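Here is a walk through a two-chain model for someone meeting it for the first time. Have a look at the picture, then read on.

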Amino acid sequence: MLLGAALVLSIALGAVTIPPGNALQILVSKFPGVEVDSIWPAYFETILWDLRLPHTILVALTGAALAGSGAAFQGLFRNPLADPYLIGVASGAGLGAIVIMSIPQAGRYLVPIGAFLGALGTIITVYQLAKVGKIVPLTTLILAGVAIGSFTSALTSFLMLISDQMVLQAMSFLLGGSTVTGWEPLAIALPYFTIGLALLTFSGHSLNVLQFGEEQARQLGLPVEKVKLFIIISASLTTAAAVSFSGVIGFIGLVVPHIIRILWGGDYRKLIPLSIIGGAITLLVSDILARIVMAPGYLPVGIVTALIGAPFFLWILRRAKKEVFW
Amino acid sequence: MSVVNKSIMQIQEISARYGDNLALDNISLNVREGEIVGLIGPNGAGKSTLIKVLSGVLRPSGGEVFIQGQSIISLTPAARARRIAVVPQARQLGGAFSVRQAVLLGRTAYLGFLGKPGQKDLQILDWAMKETAVDTLADRKLAEISGGEQQRVLLARALAQDARVLLLDEPTNHLDLKYQVSLLRLIRELVDKENLSVLMAMHDLNQVSGVVDRVALLVDGSLRCIGKPEQVLTPENIQDAYQTEVEAFLHPGSGKHYLFPKT
């Protein structure tokens, strides 16, 4: 319900406001065989269909991806601070994306592949560095992730500084300004998002078992190393999709799963899908605000999520009467 | 026990290392059907390490363990978990889960990737919760119940694994006397009723003789001796293992063997 309302509002609002009723009618008219009298100006349809709708879907998917992978990383590391940034995956994806952007000959559509390779390269490096014998302890994994994350972030900044024609684009990218519009990039993005989100949703049970620690998980019969790798790859894929299509948007991956946890508890079979929905709603609302506040300009949504999200999260945290269990 | 039962688990010349440290040195012992073997020894003697090896968490550097005729190293984690269940010490883990959810995770080795329980899983879940009297706590969060109750939940989870062998790592640690006694009594009852086999690391030597069928004394990673409580818990053995002088008495009421430190 909330997701539906956020979707419609996101389509309707912006530099040009389309009444939500009209927006719905336009959507309905697009179904084959449905006839609706067009009582709206023709440019409404162009704005809505060619710009707002693909943008809105991409924003929803990005929020879903960030919150879903955040929830998975938190469960995997049994650490409330874990999110795609902590283990360096987001920074790695960002570096991969920037490298592609800095090559003038490379098309915009190579960016997600660069980001995925960056994320995967980062996580494999971190995983190998953190490995002690045949086992990967979570503490060394996080330490290696933070170190590699800082390193890739520094490389990203360096790349931005030496190639000045892309500074503006990269700047808006790093602040989480989604500059991608139209159906074509969405079609490219869709497989990354859907595969990643589906894999994350399937890993709820394994994450539940892992909450009792790796030793007990193994004693309960979970093939722990395999499961960890599966979750890491799914979460990296989703993170890479989010970073390459919408830039670096902080905060959603950290906070949305926590709010869901406060409201609905810690069962990952529910926590992951609810975080995915919650992340979509949260980023849609932030994005609407980002478009309205500086209309007709566009404020990078990463700024909005941090400015509005942080106080909102603290308010929820204070209001939560019951203790949040880990 | 007058009739010697069939052995279900054979530990053969097991050694284990942490880096250069030899934590277990050539341990051999059999666990039989329907018996409780108490594992005693000073801190660092290798009790927990042996449980880690038997539950597949730590790979032995030498030797073999057979469970119902299969080498544990050749078993997948799930196949091993269907044969050997572990009751860890109660710890603040998984506090966000309800008692029911936690016990259901004992079925992990039988469930698919999505963890959806079937009819049989739910039946065993109910049985395990009833046997351990945690069914009345089913919807409480683990973080909200007492240490003694948590330990019973972990026992219920192990029962839900439907394994013939249970390994318990100092299950009465950090529990009040009342919970210690009732937990050990419960374990004894379950073993007798279900013909389970238990290997249980224990700290309190006087609890040992009341509950177990045999005692294994570990010192510095080696098996010093194994036998009936009165054969193992002698003042000489205890002095040797713990560097503490004790006297052994027979309890006038129960006829059980107990130890008292010399002052």
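Is Ala5(A) buried, exposed or partly exposed, going by the other C-beta atoms within 10 Å? A residue is called buried if 20 or more other C-beta atoms, placed from the backbone, lie within 10 Å of its own, exposed if 12 or fewer, and partly exposed in between. Ala5(A) has 13 such atoms within 10 Å, so it is partly exposed.

Before going further, a few ground rules. This is a predicted model, in which local features need pLDDT of at least 70, side-chain atom pairs count only at pLDDT 80 or more, and totals for chains, interfaces and linings use all residues. Residues are numbered from 1 along each chain as its sequence is written, while chains are lettered from A and ligands numbered from 1 in the order in which they are written.

**Chain A**

Ala5(A) sits in helix α1 (residues 2–12) of chain A. Helices here are DSSP runs of H or I with at least four residues, strands are runs of E with at least two, and both are numbered from the N terminus. Ala5(A) and Gly278(A) are 273 residues apart along the sequence, yet their C-alpha atoms are 13 Å apart in space.

Chain A as a whole has 14 helices and 0 strands. Of its 326 residues, 52% are buried. Now for contacts, meaning pairs of residues whose C-beta atoms, placed from the backbone, lie within 7 Å. Among those in chain A between residues at least 6 apart in sequence, 75% join residues at least 24 apart.

One helix to pick out is α4 (residues 89–102) of chain A. With 14 residues at 1.5 Å a residue, α4(A) should span 20 Å, and its end C-alpha atoms are indeed 20 Å apart. The expected span is 1.5 Å times one less than the number of residues. The rest of the structure largely encloses α4(A), because 12 of its 14 residues are buried. Among them are Val89(A), Leu95(A), Ile98(A) and Met101(A).

**Chain B**

Over in chain B, there are two domains: domain 1 (1–83 + 163–263) and domain 2 (92–162). These bounds come from an automatic or database domain assignment. The C-alpha centres of the two domains of chain B lie 25 Å apart. Where they meet, 13 residues of domain 1 are in contact with 11 residues of domain 2. On the domain 1 side, the elements giving two or more residues are α2 (77–81) and α6 (177–194) of chain B. The biggest giver on that side is α6(B), with 4 residues. By class, the domain 1 side has 10 nonpolar, 1 polar and 2 charged residues. Here Ala, Val, Leu, Ile, Met, Phe, Trp, Tyr, Cys and Pro count as nonpolar, Asp, Glu, Lys and Arg as charged, and the others, Gly among them, as polar.

Next come some strands. Two strands pair if DSSP finds at least two bridges between them, and the table gives two pairings made by β1 (residues 7–18) of chain B.

| Strand pair | Sense | Bridges |
|---|---|---|
| β1(B) and β2(B) (residues 21–32) | antiparallel | 8 bridges |
| β1(B) and β4(B) (residues 62–67) | antiparallel | 5 bridges |

In the first pairing, Ala16(B) stands opposite Leu24(B) in β2(B). β1(B) and β2(B) form a hairpin with 2 residues between them, and Gly19(B) in the turn has a positive phi of about 60 degrees. In the other pairing, Gln10(B) has Phe66(B) in β4(B) as its bridge partner.

Which residue other than glycine has a phi near 40 degrees? That is Glu170(B), found in the loop between β7 (165–169) and α6 of chain B. Glu170(B) counts as partly exposed because it has 19 C-beta neighbours inside 10 Å. Ala133(B), not a glycine either, has a positive phi of about 55 degrees. Ala133(B) lies in the loop between α4 (119–131) and α5 (147–160) of chain B.

**Where the chains meet**

The contact between the chains takes 25 residues from chain B and 21 residues from chain A. On the chain B side, the largest share, 4 residues, comes from α2(B). That side divides into 14 nonpolar, 8 polar and 3 charged residues.

**Confidence**

The predictor gives the complex an ipTM of 0.89 and a pTM of 0.85. For chain B, the mean pLDDT (the predictor's confidence in each residue, from 0 to 100) is 90, and 98% of its residues reach 70 or more.

Terms used:
Contact = placed C-beta atoms within 7 Å.
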